[in-house]
Amino acid sequence: MVQFQPKTQTKTKVSSLPDGNYRYVTASTPITDAELAQTESLIFLFRKKGNDIIGQLSQANSSNSICISGQVNGNTITGAAVELSEPFDEAILRNCGEDFVVWDVAGSLRVRRGRKEGKKVIYKSAIFDLNGYNRINAGTQFPPASCPF
């Protein structure tokens, strides 16, 4: 007798996506841009080329953001990050040592080895975990072409 196996939902790993522009959110999907703007969801708008990722992580109802550049393996990006806050003089150095600290409210981005340089904060080491994020349409904005290191 064949046992019933519940169907499990599989998500495509970011590393398996074809080259292109993508947008991932912590909000439940489906969601419209108007609904997204009313949430506290995190939004990661990024460009993928091979295993290289360049993207911007921001909160839907905030002007604070961080540019992430690195390599993707599965759903995890490792690399570096630059915090870009509005107004720029409010960028806060979260860590300048060897221990990772959480950057975002969801706990998905961890940074270390930070230094304040002018009106930005550069983190030489970052780990960003996209598990728990949902893919939505790429939207009308383009991801950054590079991070301002």
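Visitor: What share of the 149 residues in the protein chain is buried?
Guide: Buried residues make up 40% of them. Keep in mind that this is a predicted model.

Visitor: And the surface, how much area does the protein chain expose?
Guide: About 8700 Å². Carbon and sulfur atoms supply 50% of that area.

Visitor: How many helices and strands are there in the protein chain?
Guide: One helix and nine strands. Along the sequence the pattern reads β-α-β-β-β-β-β-β-β-β.

Visitor: What about long-range contacts: what fraction comes from residues 24 or more positions apart?
Guide: 50%, taken over the contacts with a separation of 6 or more.

Visitor: In what order do the nine strands sit in the sheet?
Guide: The order is β6-β7-β8-β5-β4-β3-β2-β1-β9. The sheet is open, and the pairing is antiparallel.

Visitor: Which are the edge strands?
Guide: β6 and β9, the latter covering 134-136. Each of these two pairs on one side only.

Visitor: Let's go to β4 and β5. How many bridges join them?
Guide: Nine. β4 spans residues 65-73, β5 spans residues 76-84, and they run antiparallel. Ile-68 has Ala-81 in β5 as its bridge partner.

Visitor: What does the turn of that β4 and β5 hairpin look like?
Guide: Two residues lie between the strands. Gly-74 in the turn has a positive phi of about 70°. Asn-75 is also found in the loop between β4 and β5.

Visitor: Is Asn-75 buried or exposed?
Guide: Buried. Its relative accessibility is 11%, and the cut-off for buried is under 20%, so Asn-75 counts as buried.

Visitor: What does Asn-75 contact, beyond its neighbours within four places in sequence?
Guide: Two stretches of the chain turn up. One group is Thr-12, Lys-13 and Val-14. The other is Phe-128, Asp-129, Leu-130 and Asn-131. With Asn-131 there is also a side-chain polar contact of 3.0 Å.

Visitor: Phe-128 is on that list. Which residue stands opposite Phe-128 in the sheet?
Guide: Ile-77. Phe-128 itself is in β8. β5 and β8 (residues 120-129) pair in the antiparallel sense over seven bridges.

Visitor: How many bridges does β8 make with β7?
Guide: Eight, again antiparallel. Glu-117 has Lys-120 in β8 as its bridge partner. The hairpin leaves two residues between β7 and β8. Gly-118 in that turn has a positive phi of about 65°.

Visitor: Now the β6 edge. How many bridges join β6 to β7?
Guide: Two, with the strands antiparallel. Val-101 in β6 stands opposite Val-111 in β7.

Visitor: How far apart are the C-alpha atoms of Val-101 and Val-111?
Guide: 5.5 Å, with their positions 10 residues apart along the chain counted as the separation.

Visitor: Is Val-101 buried, partly exposed or exposed?
Guide: Partly exposed. Val-101 has a relative accessible area of 25%. Leaving aside neighbours within four places in sequence, Val-101 contacts Arg-94, Asn-95, Leu-109, Arg-110 and Val-111.

Visitor: How many residues lie between the strands in the β6 and β7 hairpin?
Guide: Six. Gly-107 takes a positive phi near 75° there. Asp-104 lies in that loop too, between β6 (101-102) and β7 (109-117).

Visitor: Tell me about Asp-104. Which side chain of opposite charge is nearest to it?
Guide: Arg-110, at 8.2 Å. A salt bridge needs the atoms within 4 Å. Asp-104 is buried, yet has no salt bridge.

Visitor: Then what polar partner does the Asp-104 side chain have?
Guide: The side chain of Ser-108, through a polar contact of 2.6 Å.

Visitor: And what does Asp-104 touch, not counting residues up to four places away in sequence?
Guide: Leu-42, Leu-57, Leu-109 and Tyr-133.

Visitor: Last stop, β1 and β2. How many bridges join those?
Guide: Six. β1 covers residues 20-25, β2 covers residues 42-49, and they run antiparallel. The bridge partner of Arg-23 in β2 is Leu-45.

Conventions
Residues numbered from 1 in each chain as written. Predicted model: local features only at pLDDT ≥ 70, side-chain atom pairs only at ≥ 80, totals over all residues. Heavy atoms only, no water. Helix = DSSP H or I, 4+ residues; strand = E, 2+ residues; numbered from the N terminus. Buried < 20%, exposed > 50% of the residue type's maximum accessible area, 1.4 Å probe, protein only. Lys, Arg positive; Asp, Glu negative; His and termini not counted. Polar contact = N/O pair within 3.5 Å; in protein donor to acceptor, adjacent residues only side chain to side chain. Contact = heavy atoms within 4.5 Å. Pairing = 2+ DSSP bridges. Areas by Shrake-Rupley, 256 points an atom, 1.4 Å probe, with all protein chains shown as cover.
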